[in-house]
Amino acid sequence: MESFKKVTSIVTPLDKVNVDTDQIIPKQFLKLVQKSGFGKFLFFNWRYDEQENEKSDFVLNNPNYKNSQILVAGDNFGCGSSREHAVWALLDYGFSVIIAPSFADIFFSNCFKNGVLPITLDQKLVEKLLQETGVIEVDLENQIIKTPSDEISFEIDSYQKKILLEGLDDISLTFQYEDKILEFEKQSKVPSVL
Amino acid sequence: MGKTLFEKIWESHIVVEKQNNPTLIYIDRHLVHEVTSPQAFDGLRQNNRKVRRPDLTIATMDHNVPTTDRSLPILDQTSSVQIKTLEKNCKDFGIKLFDINSPNQGIVHVIGPQLGITLPGTTIVCGDSHTSTHGAFGALALGIGTSDVEHVLASQTMWLEKPKPFEIRVEGKRKNPHAVTAKDIVLSIIKNIGTSGGTGTVIEYRGEGITDLSMEQRMTICNMSIEAGARAGLIAPDEKTFDYLRNREYTPKNYESLVDSWKDHLKTDSDAKFEKEFILHIDDIAPQVSWGTNPGMTCDVTDSVPSPDEFSNGDPNQKRGAEKALDYMALAPGTLIEDIKIDRVFIGSCTNARLEDLIEASKVIKGQKISPYVKAMVVPGSQMVKKQAEEMGLDKIFIDANFEWREAGCSMCLGMNPDILSPGERCASTSNRNFEGRQGTGGRTHLVSPVMAAAAAIHGHFVDVRKMDLS
């Protein structure tokens, strides 16, 4: 995984609550067997009409937000299905920071495995960011979001921060505890399936 | 201080615990399916890693398998590739696979318990959010993403922030347990606590209203924990649990000694503390019908569609969400739920496609015909469920009523196979999610119990099944 660098970009405001992963990446696109190429299907049903023409009223189709890397959304973002394809689609499209008042657990966890930073902020701050038209900077190292008029600090678990900043592969990390895993297995009384 | 059931399972699975870090926990059972695993196996190959414990891992294909004649080739090329990829991955990595022709094939959360693979006190993961189903057996069962699938395949462990224990007490007795079902209990819970009410928690369902339920009904409850946002949901095992798992195909040989070790241990201590609590009284609850685009947007069958103001309790974001939902669902506030006409009925999914669900639905159907305006299908949760139902003659009851009787799979719960709604079609569905487009782009889903779905199929609109004789 690539290490997470500072992100400087305008924000894409997606002013909706309970955005579920079925909306982020609809089921018909889950049949790919690789991790790349999902960006063009991101928010497919909100982005395109039945003839697959762009819907002009959807924020991703607004040319002002074309190169945005920061998505700001409402409460409970990423709820529903555990499909990691949702994170792959956001990342492949260009978003590496998602800001919302709250996230669903599995989606939140999936972000860190792919170098995407989910930031939980107070509802009022999110509402301000939804209105922000200028370029903002997300500085993970110092846990600060700089807007043209403000500096907002944010919380992040220190372990997850390290994973992102160093681009760590958590399987390699886990293999450092091989002896502990073996030790656990020796005392476990749970039988094999077969 | 005493411990909750969740804490006991958690503590007995800690491999590495450090301050300010997630905990590395051991996974006893890993269930794999075709949609969320190919990239995980690819990751193993790229890094020259093997599956650490193939003997704790099983696979099946359920999400995009066709539910029509299995002797015919799969027409959807991309589905076919994904199914073949799973076959190859299981072969290459030595994993037991119940493939499309296996008598044990079915929805992963239906076959786990049916085969005796799901066990109390264990940790179970699967790359599917409805893994919470297995919590009905007193297991800590977690849905995970593909990166964690790869992590568990490689190490049989995963890193997890410890969730908080959440007690949901279900008190009282339903007056008509055939009409007011486990589905109505869990929809009522989600209606009350909301779709993020359980975020960051593991729910333990307790109380008379839960212990009264059969194992299959308990699975329906735990299955939808994720729709309340919870990391998992579980129920303490009791004699019903132990009986259900006895003498299944993969029940461990030393099962009785395992039961002895579970009996006194796998329950929440009387002085344990939960971080959150909610109580639902079920004496008078009605059958539930969802009206919006998430499972929290649900009301009694006797109600009318709420106005966004009524629903949102003054929260402007929720109000806009409700407006958008009503627009998508093409429903006006004030419309009586019983006046909503439907086009399709789907009885299936990991929530409600077990034998008991089909038996209960068949009682409503028996000797009747579905409305000429409705297309209806039954998709049994597994080939075993299908076979058992056929031995009881349930297939005939459904077919005589003009239902389609299909092969097992996830089917129209998420419409990855050809079973989908057309744009604008309205469906009474026994599945778990009424998200926009979930059952087909532009399709409109109303979540209900199997008996409510069956009654809607006959009448062409929702009806209160309490008025019927279902005993």
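**A sheet in chain A, the fold of chain B, and where they touch**

Let me begin in chain A, where 7 strands form an open sheet of mixed pairing, in the order β4-β3-β2-β1-β5-β6-β7. The edges of this sheet are β4, residues 117–120, and β7, residues 150–153, each of which pairs on one side only, and from one strand to the next the twist averages 30°. I should say straight away that what we are looking at is a predicted model, and I would ask you to hear everything that follows with that in mind.

Staying with the β7 edge of chain A, its neighbour is β6, residues 144–147, and these two strands run antiparallel, joined by 4 bridges. If you want a particular pair to look for on the screen, take A:T147, whose bridge partner in β7(A) is A:D150.

Now to a helix of chain A, namely α4, which covers residues 105–112. Is α4(A) enclosed or exposed? Since 8 of its 8 residues are buried, the helix is largely enclosed by the rest of the structure. The buried residues include the aromatic-lettered positions A:F107, A:F108 and A:F112, but also A:D105, A:S109 and A:N110, with A:I106 and A:C111 completing the list.

Let me turn to chain B, whose secondary structure comes to 16 helices and 19 strands. For 471 residues, a compact globule would be expected to have a radius of gyration near 23 Å, and the 21 Å computed for chain B agrees with that. Along the principal axes, the C-alpha atoms of chain B fill a box of roughly 55 × 55 × 45 Å, and 60% of the residues in this chain are buried. If we consider contacts in chain B between residues at least 6 apart in sequence, 77% of them join residues at least 24 apart.

Finally, the place where the two chains touch: how many residues does each chain bring to the contact? Chain B gives 63 residues and chain A gives 46. On the chain B side, the elements that each supply at least two residues include the strands β1 (14–16), β2 (23–26) and β8 (157–160), together with the helices α2 (38–46), α3 (77–93), α5 (146–155) and α12 (316–329). Of these, α5(B) provides the largest share, 6 residues. As for the chemical character of the side of chain B that touches chain A, its residues divide into 33 polar, 20 nonpolar and 10 charged.

Conventions: Residues are numbered from 1 along each chain as its sequence is written. Chains are lettered from A and ligands numbered from 1 in the order in which they are written. This is a predicted model: local features need pLDDT of at least 70, side-chain atom pairs count only at pLDDT 80 or more; totals for chains, interfaces and linings use all residues. Two residues are in contact if their C-beta atoms, placed from the backbone, lie within 7 Å. Ala, Val, Leu, Ile, Met, Phe, Trp, Tyr, Cys and Pro count as nonpolar, Asp, Glu, Lys and Arg as charged, and the others, Gly among them, as polar. Two strands pair if DSSP finds at least two bridges between them. Axes are lines fitted to C-alpha atoms, for helices over the stretch in contact, and angles run from 0 to 180 degrees between N-to-C directions. A residue is buried if 20 or more other C-beta atoms lie within 10 Å of its own, exposed if 12 or fewer, and partly exposed in between; C-beta atoms are placed from the backbone. The radius of gyration is taken over C-alpha atoms; the globule rule is 2.2 Å times the number of residues to the power 0.38.
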